Amino acid sequence: MNQQVLWGDAPLCWQEVVQVARGQAQLALSAGAWERIAQGRAIVQHIIDAGQIAYGINTGLGALCNITLPEEQLSQLSRNTLLSHACGVGPLLDDAQTRAIMCAAVANYSHGKSGISCAIVQQLLAFLNQQITPQVPSQGSVGYLTHMAHIGLALMGIGEVSWQGRVVPAAEALAQAGLSAISPGAKEGLSLVNGTPCMTGMACLALDDASQLLDWADVTGAMSFEALRGQIVAFDAEILALKASPGMQHSGARLRQLLADSPLLSASQGIRTQDALSLRSMPQVHGACRDQFDHAERQINTELNACTDNPLILGTLENWRVVSQAHPHGESVAMACDVLAIAMADLGAIAERRLDRLVTPLISGLPAFLVAKPGVNSGMMIAQYVAASLCAENKQLAQPAVLDNFVTSALQEDHLSLGTGASLKLQRLLANLYQIMAIEYLLAAQGLEFHAQDMLAAGTRHALALLRQRVATWEDDRWLAPEIAKAVATIKSHRADWMASRLNGQ
């Protein structure tokens, strides 16, 4: 049975979003969260009943903010907001991406500053916990609006959803799940489309993949290092302590742990003065990537715990404020995704340089293209081409999105974060990086096969044995694409703490 994640009484973290979005946990809100949501909605209703004017509650939206609407049109405005804003295009998001967005929206509403009703938040939770996932086009957001509009329509029974393994009309899924379509009231259409849940939710998924890849980079890098008989002194703890990078200390310690008891490396001391930078600079490069990950993690967790609507509802029934501001902008998440994309692209670039050395006999000392009978067999020759191609694509994907800018809403929104685009391209980059790491895993494992197995470190032997459960040693050419896919599956299915637990004898 899935565990439950409870939000509302303590700070949230990205890992909880991932647990819910990827289907391992159900989501619930605390009594305190429900009280805050109800109070915010009561303030909205009080404003309407008192005939007060407040942006987003009884006015038009964006450039139409100075048009005041009568009470009888406010529900129609919310419905029209969802219909008109649900204009996304392009390939659909996968279920985990859409669910992550919904989680981030619930996190925002849990503060009670959005003015949305408990009923709509309950509907979002029902969709998450019953695995009803709106079909949401991936393109069309400058940071907000379109993705959540498609989700909002599904809550109303409009559009299509993924439900019990099929794509069905939203109204059909609602009926089968015993749910009623929502009818959004004043401000609720705006609350459903506004804020930063698109970029924040998907950035949480990116952090999950990046953390996995950072740990595996140390593993595959250690395997390449040992296969190429590297000079382990470059990872010396006293030397690395002279540069106070937390990430570098972490990667350096992991590399030493993985390689500490390698007879092959002990026997290789002094065979060269120093190794190529792609080998000896792993603590520095992997560590720099870890430091950028830590920065991105702080920014994304900050946004996840923030109120990100415009306007925000503050105070009490007796002393309320409706404040127009710019919390939906999402600049910090956009920058975090862009910086992390640069870091992870470089993590792939240094891995590609290592795997290129493995297939080049003049520098590896290993058979050409890591096959015992070269000539009739091409071995791993073209796998390096694939890695190079993916690195080139990642260089394009690492170009910052946040520096782009356009003007929308008739000059009203004249600086945009493009944070949703930043998070989407980061996820595409990470998907490529899984393939690059898998190729290094295959090639490094093959390189280790040319050394006596009792000469290998315990850590690299464990990693090699894990791969060999799915991929046999390469002797004669066979279809390589499925083997890369198996290596990707191995990396994805073994969490970051796997190697440490194995080395500690657990």
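**Close-up views of a cavity and a sheet**

**View 1. Helices around the largest cavity.** Helix 4 (95–109), helix 9 (197–227) and helix 14 (282–304) each contribute at least two residues to the lining of the largest cavity, where helices (H or I, at least four residues) and strands (E, at least two) are DSSP runs numbered from the N terminus. Helix 4 gives the most to this lining, with 3 residues. This is a predicted model, in which local features need pLDDT of at least 70 and side-chain atom pairs count only at pLDDT 80 or more, while totals for chains, interfaces and linings use all residues. Residues are numbered from 1 along each chain as its sequence is written, and side-chain values use heavy atoms, with hydrogens and water left out.

**View 2. The lining of the largest cavity.** A cavity is a set of points, on a 1 Å grid over the protein atoms alone, where a 1.4 Å probe fits but cannot get out, and its lining residues have an atom within 4 Å of a point. The count comes to 4 cavities of 30 Å³ or more, and the largest holds about 60 Å³ of space, a volume being the space filled by probe spheres set on the points. Among its lining residues are Ala104, Asn108, Pro197 and Glu303.

**View 3. An open sheet of 3 strands.** The strands follow the order 4-6-7 with antiparallel pairing, two strands being paired if DSSP finds at least two bridges between them. Strand 4 (133–134) and strand 7 (166–169) stand at the edges with a single partner strand each, so one side of each is left without a neighbour in the sheet. Strand 6 (residues 160–163) is joined to strand 7 by 4 bridges, and Glu160 has Pro169 in strand 7 as its bridge partner.

Terms used. 1 Å grid on protein atoms, 1.4 Å probe; cavity = no way out; pocket = protein on both sides within 12 Å on 5 of 7 lines; lining within 4 Å.
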